[in-house]
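Here is a predicted model to work through. The questions below take up its cores, its cysteines and its surface.

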Amino acid sequence: MLAPLASVVLFLTAIAASFVYLRLEEIHRDQEAVQRDVEYTQQRLRLHLLERQEQLMRIARDISNQEIDTDDLPARAESLINMHPELQSLSWIDAQQRVRVSYSAASLGIVQLSSAGARLKADEIQNNFGLARDLQQPIYAQPVANAEVPATLQLHIPLTYRSRFAGVLLAEYSIDGLFRYGVPSEVTARHAMSLRDANGTLLAGATMPTKNRATFMQLPWASPPIEYEVPVSPVGNGLLIRAQAYRTSLGVIGSGLFWLVGVLSAMTAWMLLANWRHTRRRMQAQKDLMSETNFRRAMENSMLTGMRALDLQGRITYVNAGFCQMTGLSEAELVGRTAPFPYWPDEDREALNARLEDELAGRIPLGGIQVRIKRRDGTLFDARLYVSPLIDAKGAQTGWMTSMTDITEPNRIREQLSASYERFTTVLEALDASISVAPLGSDELLFANKLYRLWFGVQTGGHLQLVAQAGVPMAPPSDESLDDVDAFAGLPTETLPDTETESAEIYLTELDKWLEVRTRYLSWVDGRLAQMVIATDITARRHAEEQAAAQTERAQNASRLITMGEMASSVAHELNQPLTAINNYCNGMVSRIKAHQISEEDLLGALEKTAKQAHRAGQIIQRIRSFVKRSEPNRSVSVVSNMVEEAVELAEIELRRRNVRLRHYVAARLPTLMVDPILIEQVLVNLLKNAAESIDAAQRPTARRSVELRVVPTQIDGKQLVEFSVTDSGQGLAPEVMGRLYEAFHSTKSDGMGIGLSLCRSIVESHQGHIKAENIYNGPEVTGCCFLFRIPVTAPDSSLEVDRRVLSSQQGRA
């Protein structure tokens, strides 16, 4: 059965593996092409710079040998700059850092021009000047660019006179010129080439917009960015050349061959699945057919109602087991017989023969006929016969189908009910409740006691009104004029539903009374199914119950609101941190696995942390559930540093996401605390998370985005405590917020539920502690906020009774 499905899975797996392999090969080729072009460009720039350096060093030697003076240098510089446009200026600087002579390209800005006799002013240029003097070697340097001065590359070539340092020959390259004349055009046509500094800042060239890396992790067919960079020699790491490949092809996914193979594969898989499903349906249909045939045969043989089929000539063609059981005759004794039938009583043959003629002529009442049937042993029983045409599959009538029901017991019950009616009438008349009985589907009133007649008279309108207002469904009306008994007669009394009395309370405006209406189905003395209605005056009791119900409803509403606030909001709020940690761990593992950058040891470590956070979420639910149920916290001797470490590990995930630094200090040799460590950690996590959100909302610059956690021992009124403080650099708390800070369901955040600080205070106070918040000021300006709570150092036995009192007070306030 599973072979077609397995073949489909293997086929699709092979197709997918093939396309993945082809895509990886394409990406690898693109990466090699980018790397090869970048290295080629780097060699071109290196040879270009070394060639210019050699020419400049010859000029420097001529200056050192006094073959070139200040009058000759401008001509040499002009010739060199005209030949090599990337050079934009050439300056002779003496040992005292004064410019003796300088020549600049005509395109150079006024800000960049250097006049003769001027001193070097920029600290960076002076440092490079000193470095060339000390090392006696050419030094490449890159001044900081700004809006007025474009990016340049400087070359300091030392000058010597009689083995003494005599200054430098300063040459300035245009970074844009180096890119324009040093990078081959065929490379820039294939890739987005750019020159960047050590920080990645674009100096020259073109770049491509950065795509969302999450797209490459989520979509397996998305093309990852292909880029490569190397430092430009001999400049060093201060100047990098980077290449980003243009997307020149649609890839494997975008090719027509992929979609053709994909469509053919999908059609093949669909046909295999359709064939498998058709086979299953065919086998299931055969199984259902056999089951249906066996079920119908078993149903016919187990029916209590006798079934008999006659052909159009009045000959018996079929009887079921129920018919044989009622008459005591076998199937062989009945099938094929014609009138008079062996189960007819001798004294009723003429009447039964006349009824058979009416039956064959189709003149049978819809309500059936009541006859007497003789068993094999000669005993008689009352039966009701229902006759209907027997239609074959082509729609033609082939005979008559008769169902026979034994109504001996219903007839006996009718007689008993008639006698019981006489005995109970006197009792029912004296009751202080209205009692009425009416048959289902009829307007006849079978019985009404004295109180009913006093309220409603002798009509069935009161009975029907009570039933309708009580919401009890009525049976559909039937036409009893076609038979001498009702439509429900003939049902076996032992199969009547033995249900409990249905009860309802209604108000009748006509009587100005509240009535309790109880209904029950019963079999009347003549076998008809009837409905009894008992209506009791409960006006006085109803008024009292309405007042009590109003009080109870108000109490229940208040209880539900408290439970919803304490349980639903707390669990939703407190589970957010561990679930977020689990999500971040999982996303990190997926990213590193896809990038093939994770070892088995790192993977096991991340999985252990994820399992730990899941266990922590379970612990949070248990602790919150216990806390809301007003039970004592799960106290244990806890090490403060361990609690802080757990809280910091969980909170740092949120802080890193918001680009907030965390500094924490835990004093040495702190005493242990008899606390619930999970609850204390939750308080710390909440405060740290709120601090990060406050900083993020204030949009602080990076230098001021920090949170400090300090844990130190303290002493107040001779009592030892451990003080926890969380200080942020956010926007502080407004005066109106400070007054409602710990109020449940009050939040200043659009997506907050207002339960965090309320729960923090409850947890701290349940540990006999105290929490407070205050703004931090720098003059009149609010520069942050500090939340501080203290936990007393108490013995294990002394904290239990106090916890009970604190928890009780918190529940009362909630």
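Contact here means heavy atoms within 4.5 Å.

Q: Leaving aside neighbours within four places in sequence, which residues is V707 in contact with?
A: V707 belongs to the largest nonpolar core, where V707, F724, F787 and F789 touch the most other members. Sequence neighbours within four places are set aside. The contacts of V707 are then L655, V660, R661, L662, R663, L688, A691, A692, I695, V726, T727 and D728.

Q: Which helix gives the largest share of the largest nonpolar core?
A: This core has 49 residues. Its largest share is 10 residues, and they come from residues 677-698, helix α19.

Q: How many residues are in the second, separate core?
A: This core includes I27, I63, Y140 and L159. It is separate, and its size is 44 residues.

Q: Why is C786 in no bond with the closest cysteine sulfur?
A: C786 is buried, at a relative accessible area of 11%. C785 also counts as buried, at 3% relative accessibility. A disulfide needs sulfur atoms within 2.5 Å. The closest cysteine sulfur to that of C786 is in C785, too far for a bond because the distance is 7.0 Å.

Q: How many disulfides does the structure hold?
A: C785 is in no disulfide. Its nearest cysteine sulfur is that of C786. For the structure, the number of disulfides is 0.

Q: Is M271 buried, partly exposed or exposed?
A: M271 lies in helix α8, residues 256-302. With L257, L260, V263, L264, M267 and W270, M271 forms a nonpolar surface patch of about 770 Å² accessible area together. Exposed means over 50% and buried under 20%. The relative accessibility of M271 is 48%, so M271 counts as partly exposed.

Methods:
Residues are numbered from 1 along each chain as its sequence is written. This is a predicted model: local features need pLDDT of at least 70, side-chain atom pairs count only at pLDDT 80 or more; totals for chains, interfaces and linings use all residues. Side-chain values use heavy atoms; hydrogens and water are left out. A nonpolar core is a set of buried Ala, Val, Leu, Ile, Met, Phe, Trp, Tyr and Cys residues joined through side-chain atoms within 4.5 Å. Buried means under 20% relative accessible area, exposed over 50%, partly exposed in between (1.4 Å probe, protein chains only). Helices (H or I, at least four residues) and strands (E, at least two) are DSSP runs, numbered from the N terminus. Patches are made of residues with over 30% relative accessible area and no salt bridge: like charges are joined within 9 Å, nonpolar side chains (Val, Leu, Ile, Met, Phe, Trp, Tyr) within 5 Å. Accessible areas come from the Shrake-Rupley method with a 1.4 Å probe; for residues, only the protein chains shown count as cover. A salt bridge is a side-chain nitrogen of Lys or Arg within 4 Å of a carboxyl oxygen of Asp or Glu.
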